[in-house]
Amino acid sequence: MQTLTLRTPDDWHLHFRDDDMLPETVPATARCFARAIAMPNLVPPVTNADQAMAYRQRILDARPQGSTFEPLMTLYLTNQTTPQDIVDAKARGVVACKLYPAGATTNSDAAVSGIEALYPVFETMQREGVLLLIHGEVTDSHIDIFDREKAFIDTHMAPIVAAFPTLKVVFEHITTADAADFVKAGGSNVAATITPQHLLLNRNDLLVGGVRPHNYCLPVLKRNTHQQALRDVVVSGNKQFFLGTDSAPHPRHKKENACGCAGCYSAWSAIELYAQVFDELGVLDKLEAFASENGADFYGLERNTTTITLQRTAWQVPEKVTLADGTDMVPFFAGNTLQWKLQSAFDTP
Ligand code: DOR
Ligand code: ZN
């Protein structure tokens with residue numbers, strides 16, 4: 001097979017950032033995704049409908065000429081979020097709220113420290129049909145960083161899912177067999193996104209032969225048995241799992257740093273990275289459902305009607321991307337060769 005035509009995909013989890021970064025990040029995603037869930041961890045975070053709508057407009061303004069790309073907006077939950085915030089946000093088209101445990105990752109200092117105190121908010125989200133997107137890691141200092149996702153399942157995820165059976169919950173960027181098993185057993189209102197880095201890499205790729213800061217993200221890469229469990233999930237074709245890149249740009253100097261930032265900027269090669277994995281696994285026929293159908297179905301949105309086409313051709317992910325102000329970023333998988341390349345997008349079948 002030399003070309004692969006798919007229904008146009010959506011990215012169900014990514015970070016566009018703001019202001020000067022948008023002319024870089026928005027075209028990168030709008031190149032082949034019709035929609036994307038825009039994460040709200042700006043500084044300050046997007047915590048209400050007005051902020052979400054203003055951010056949406058800034059993203060729309062950064063689209064390439066003629067692009068119909070549609071950002072899907074989210075609120076960042078804090079201890080101050082009220083049920084009325086949810087009602088207002090829903091009325092303005094916000095589709096989901098993101099739960100970051102305080103201190104879990106980039107710009108999460110304002111996040112939630114008492115998850116149970118948010119149950120009235122979850123109740124309203126369940127009633128209003130607003131999805132709950134969860135960064136599923138505990139942040140207790142005595143819990144080992146490699147065990148934080150599993151600990152979150154037991155401490156918070158299982159109780160939330162049990163308490164709100166009709167709330168749609170997305171376990172974001174899962175990294176462990178434990179999370180995959182939890183989602184599989186969770187019924188039709190529980191789903192998960194999987195990133196390219198967690199399918200392609202394991203913690204050896206972070207630590208063997210030297211620290212690789214551009215492979216550092218959160219949740220951190222896990223051992224190869226967990227990577228294999230995620231690869232098994234995509235091979236299974238289970239509809240509860242779908243594409244969410246967690247593309248998360250940081251300037252090179254903040255990654256190559258004594259205290260480097262977490263995040264992999266994968267937008268310019270995202271669909272090609274997933275194609276690489278699905279090809280390696282011999283399941284290219286499962287890519288379309290994962291990239292273009294399961295997420296829309298879970299969110300209760302229409303599937304896209306156009307298509308994109310990838311071509312089998314070897315190409316190298318560039319070593320860097322340079323912003324207008326001269327700042328360098330190192331894309332995820334920089335310098336590596338991929339076997340599939342986007343040939344055309346938004347074609348009418
Ligand atoms: O690696 C990550 N980077 N994980 C996250 O959860 C946040 C993201 C970011 O915003 O940079
Ligand atoms: Zn993220």
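The points below comment on a predicted model, taking the metal site, the buried residues around it, the aromatic pairs, a helix packing and the backbone in turn.

1. The zinc ion (ligand 2) takes its protein donors from His13 (NE2), His15 (NE2) and Asp246 (OD), which lie 2.0 to 2.1 Å from the ion. Along the chain these donors follow the spacing H-x1-H-x230-D. Histidine 15 sits in the loop between strand 2 (11–14) and helix 1 (22–30), while aspartate 246 sits in the loop between strand 9 (241–243) and helix 10 (252–255), so that this pair, 231 residues apart, links distant parts of the chain. Histidine 15 and aspartate 246 are both buried.

2. Aspartate 246 deserves a second look for its backbone, since it has a positive phi of about 55° although it is not a glycine. Its relative accessible area is 7%, and the residue therefore counts as buried, the cut-off being under 20%. Histidine 173, in the loop between strand 7 and helix 6, likewise is not a glycine and has a positive phi, here of about 35°. With a relative accessible area of 2%, histidine 173 is buried. As background for a check of these angles, most residues other than glycine have a negative phi, and most peptide bonds are trans.

3. Two cis peptide bonds may be inspected alongside those angles. One runs from valine 43 to proline 44, with omega near -5°, and proline 44 is placed in the loop between strand 3 and helix 2 (49–61). Another runs from leucine 218 to proline 219, with omega near -10°, and proline 219 is placed in the loop between helix 8 (204–207) and helix 9 (224–236).

4. Tryptophan 12 belongs to strand 2 and is buried, because its relative accessible area is 1%. Leaving out residues up to four places away in sequence, tryptophan 12 touches a set that includes Arg35, Ile37, Leu72, Glu172, Thr193, Phe242 and Ala296. Of these, alanine 296 is 284 residues away in sequence, yet the two C-alpha atoms are 8.8 Å apart in space. Tryptophan 12 also joins Phe242, Phe298 and Tyr299 in one aromatic cluster.

5. Threonine 193, one of the residues touched by tryptophan 12, is found in strand 8 (residues 190–194). Its relative accessibility is 0%, so threonine 193 counts as buried. The side chains of threonine 193 and glutamate 172 are joined by a polar contact of 2.7 Å. Beyond four places in sequence, the contacts of threonine 193 include the zinc donor His13, and also Val170, Phe171, His173 and Gly244.

6. Arginine 31 lies in the loop between helix 1 and strand 3 (35–38) and is buried, because its relative accessible area is 17%, against a cut-off of under 20%. Which partners does the side chain of arginine 31 reach? The backbone oxygen of tryptophan 268 is reached at 3.0 Å, and a polar contact of 2.8 Å joins the side chain of arginine 31 to that of glutamate 272. Not counting residues up to four places away in sequence, arginine 31 also touches residues among them Ile271, Leu342, Ala345 and Phe346.

7. The count of aromatic pairs comes to 13. One of them, between tyrosine 76 and tyrosine 100, is tilted, with 5.3 Å from centre to centre and 35° between the planes. Tyrosine 76 in strand 4 (residues 70–76) and tyrosine 100 in the loop between strand 5 (96–99) and helix 4 (119–128) are 24 residues apart. Tyrosine 76 counts as buried at 0% relative accessibility, and tyrosine 100 counts as buried at 1%. The rings of phenylalanine 171 and phenylalanine 182 form an edge-to-face pair, because their centres are 6.4 Å apart and their planes stand at 75°. Phenylalanine 171 is in strand 7 (residues 169–171) and phenylalanine 182 in helix 6 (residues 177–184), eleven residues apart, and both are buried.

8. For the helix packing, the axes of helix 11 (residues 270–280) and helix 12 (residues 287–299) come within 9 Å and cross at roughly 145°. Helix 11 contributes Ile271, Tyr274, Ala275 and Phe278 to the contact, and helix 12 contributes Leu287, Phe290 and Ala291. These residues divide into seven nonpolar, no polar and no charged.

Note on methods. Residues numbered from 1 in each chain as written. Chains lettered and ligands numbered in written order. Predicted model: local features only at pLDDT ≥ 70, side-chain atom pairs only at ≥ 80, totals over all residues. Heavy atoms only, no water. Donors = N, O, S within 2.8 Å, 3.2 Å for Na, K, Ca; no water. Helix = DSSP H or I, 4+ residues; strand = E, 2+ residues; numbered from the N terminus. Buried < 20%, exposed > 50% of the residue type's maximum accessible area, 1.4 Å probe, protein only. Axes fitted to C-alpha atoms, helices over the stretch in contact; angles between N-to-C directions. Contact = heavy atoms within 4.5 Å. Nonpolar A, V, L, I, M, F, W, Y, C, P; charged D, E, K, R; others polar. Polar contact = N/O pair within 3.5 Å; in protein donor to acceptor, adjacent residues only side chain to side chain. Phe/Tyr/Trp six-rings, centres within 6.5 Å; stacked < 30°, edge-to-face > 60°.
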